[in-house]
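Trainee: I'm new to this one and would like a close look at a single part. Could you pick a spot and walk me through it?

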Amino acid sequence: MEPSVGIIMGSTSDWETMHHAADLLEELGISHEAKVVSAHRTPKRLYDYADSAAGRGIKIIIAGAGGAAHLPGMAAALTHLPVLGVPVESKALKGVDSLYSIVQMPAGIPVGTLAIGKAGAKNAALLAAAILALSDADLSVRLQAWRAAQTDGVATDPA
């Protein structure tokens with residue numbers, strides 16, 4: 001089964017954050033792939049990935065990046081597919097630099113930007129699932145069941 005979601009990140013160290021997106025996609029039964037694609041160190045790889053994604057069956061790209069965080073914006077500039085950006089927490093500025101880099105895209109090159117770190121990676125997977133579920137009734141059922149289980153898992157009492 002070809003992947004419908006592509007997860008890309010700027011370096012292998014970003015996997016610490018981005019595996020949360022992959023784990024949730026797997027839990028929901030969504031085919032995906034994960035690749036290291038640096039906007040700065042491997043620009044040709046980025047171009048080739050974004051240029052070929054739709055033709056390979058990718059429907060949504062989740063792009064995680066830290067620091068200058070150009071990966072999500074550059075991917076969005078190179079494809080018509082929806083790109084969801086996940087700011088990876090950086091040591092210097094705790095991911096705020098990454099957030100600003102991803103969220104401040106110029107008009108005409110949208111990147112859906114999520115929270116910094118693990119929460120952002122998980123929410124990117126859930127947002128990708130919700131988008132895909134618009135045209136996949138089985139996935140819609142699985143996503144609704146996942147959300148119901150999450151709701152049922154919240155305790156009524158604090159202790």
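Mentor: Here is a walk around one buried acidic residue, followed by a few other spots for context. Keep in mind that this is a predicted model. Let's go to Asp14, which sits in the loop that runs between strand 1 (5-9) and helix 1 (15-27). Asp14 is buried, yet it has no salt bridge. Who is the nearest side chain of opposite charge? That's Arg41, 6.6 Å away, and a salt bridge would need the charged atoms within 4 Å. What the side chain of Asp14 does reach is the backbone nitrogen of Gly10, at 3.2 Å. If you skip the neighbours within four places in sequence, Asp14 is in contact with Met9, Gly64, Ala65, Gly66 and Val88.

Now to another loop, the one between strand 3 (60-65) and helix 3 (71-78), where you'll find Ala69. Most residues other than glycine have a negative phi. Ala69, though, has a positive phi of about 50° and is not a glycine. Ala69 is buried as well, with a relative accessible area of 3%.

Lys94 makes a nice companion: its phi is positive too, about 60°, and it isn't a glycine either. Its loop lies between strand 4 (83-87) and helix 4 (96-103). Lys94 counts as exposed, at 53% relative accessibility, whereas Ala69 is buried.

One last stop is the rings. You won't find any aromatic pairs in the structure, but Arg56 does lie over the face of Tyr49, 5.1 Å from the ring centre.

Key: Residues numbered from 1 in each chain as written. Predicted model: local features only at pLDDT ≥ 70, side-chain atom pairs only at ≥ 80, totals over all residues. Heavy atoms only, no water. Helix = DSSP H or I, 4+ residues; strand = E, 2+ residues; numbered from the N terminus. Buried < 20%, exposed > 50% of the residue type's maximum accessible area, 1.4 Å probe, protein only. Lys, Arg positive; Asp, Glu negative; His and termini not counted. Polar contact = N/O pair within 3.5 Å; in protein donor to acceptor, adjacent residues only side chain to side chain. Contact = heavy atoms within 4.5 Å. Phe/Tyr/Trp six-rings, centres within 6.5 Å; stacked < 30°, edge-to-face > 60°. Lys NZ or Arg CZ within 6 Å of the ring centre and 35° of its normal.
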